Amino acid sequence: MEDIGAAAGIAGPSIYRHFTGKSDILLAASRRMADRLALGLADSLAAATSPRDALHRLARSYVDTVLRSDDLIAVYANEIGNLPERDAKELRRLQRGYVAEWVRLLREVTPALDEAEARVVVQAALTVVNDLPRTRGVNDRPGLADELTAIAVGLLETPDLPHRTVTRRTGKR
């Protein structure tokens, strides 16, 4: 609470004038991140000229959001288990909806991918963007946003999953 209070410019215990407990703080932080991601998604879709362009814009939006809100994305991604079940369920719904839009776009760009395969590729891209900025020696690189966007887009555009070769030969999954 002291760290949160210091960041807000108030004494740590004063936080409890605004929140009843830790789970309320986690919920507020998670909702703030969900709102930022939803806005980035809406802006990317509105400005896009094609599904591929939307995916590129969405990757850049996600990178920019993570780099501006690294601590917030960590809370959003990792603290859901510390929320009351009702709130955790709502946030999982928001997270799944956000990822589903990425999956939908990826499948439009690469129709050969089935839903599960597209989800793996999307999760890989999101994980790279979430984790690399927290790596010492990487987080202070000039041009990190451009590099992360290129890596995410590269993952999304080259989803040649190893098992796909086997399934093409046998015709089975």
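Two residues are in contact here when they have heavy atoms within 4.5 Å of each other. With that in hand, welcome to a predicted model of a chain in which, among contacts between residues at least 6 apart in sequence, 62% join residues at least 24 apart.

**The overall picture**

The secondary structure is easy to read: the chain has 8 helices and 0 strands, giving the pattern α-α-α-α-α-α-α-α along the sequence. Of its 173 residues, 39% count as buried.

**Helix 3 against helix 5**

Let us start with one pair of helices. Two packed helices are described by the angle between their axes and by the distance between those axes. For helix 3, which covers residues 51-68, and helix 5, which covers residues 85-109, the angle is about 145° and the axes lie 8 Å apart. The crossing of these two helices is left-handed. On the helix 3 side, the contact is made by Pro 51, Arg 52, Ala 54, Leu 55, Leu 58, Ala 59 and Tyr 62. Helix 5 answers with Tyr 98, Trp 102, Leu 105, Leu 106, Glu 108 and Val 109. By class, this contact has 11 nonpolar residues, 2 charged residues and no polar ones.

**A buried aspartate in helix 5**

Helix 5 also holds Asp 87. Is Asp 87 buried or exposed? Its relative accessibility is 6%, and because buried means under 20%, Asp 87 counts as buried. Setting aside neighbours within four places in sequence, Asp 87 is in contact with Leu 27 and Arg 31.

**The second largest pocket**

Helix 5 appears again in the lining of the second largest pocket, where helix 4 (70-78), helix 5 and helix 6 (115-131) each supply at least two residues. Which helix gives the most to this lining? That is helix 6, with 6 residues. The pocket holds about 390 Å³ of space. It is lined by 18 residues, and the closest to its centre are Ala 77, Gln 95, Val 99, Gln 123 and Asn 130.

Here is how the residues of that lining divide by class:

| Class in the lining | Residues |
|---|---|
| Nonpolar | 9 residues |
| Polar | 5 residues |
| Charged | 4 residues |

The lining of the pocket thus includes 5 polar residues, whereas the contact of helix 3 with helix 5 has no polar residues.

**Following helix 5 through the model**

If you would like one element to trace on screen, try helix 5: it packs with helix 3, contains Asp 87 and supplies at least two residues to the lining of the second largest pocket.

Definitions and conventions. Residues are numbered from 1 along each chain as its sequence is written. This is a predicted model: local features need pLDDT of at least 70, side-chain atom pairs count only at pLDDT 80 or more; totals for chains, interfaces and linings use all residues. Side-chain values use heavy atoms; hydrogens and water are left out. Axes are lines fitted to C-alpha atoms, for helices over the stretch in contact, and angles run from 0 to 180 degrees between N-to-C directions. Helices (H or I, at least four residues) and strands (E, at least two) are DSSP runs, numbered from the N terminus. A crossing is left-handed if the near helix is turned anticlockwise from the far one by less than a right angle, and right-handed if clockwise. Ala, Val, Leu, Ile, Met, Phe, Trp, Tyr, Cys and Pro count as nonpolar, Asp, Glu, Lys and Arg as charged, and the others, Gly among them, as polar. On a 1 Å grid over the protein atoms alone, a cavity is a set of points where a 1.4 Å probe fits but cannot get out, and a pocket is an open set with protein on both sides within 12 Å along at least five of seven lines; lining residues have an atom within 4 Å of a point. Grid points are joined across faces, edges and corners, and a volume is the space filled by probe spheres set on the points. Buried means under 20% relative accessible area, exposed over 50%, partly exposed in between (1.4 Å probe, protein chains only).
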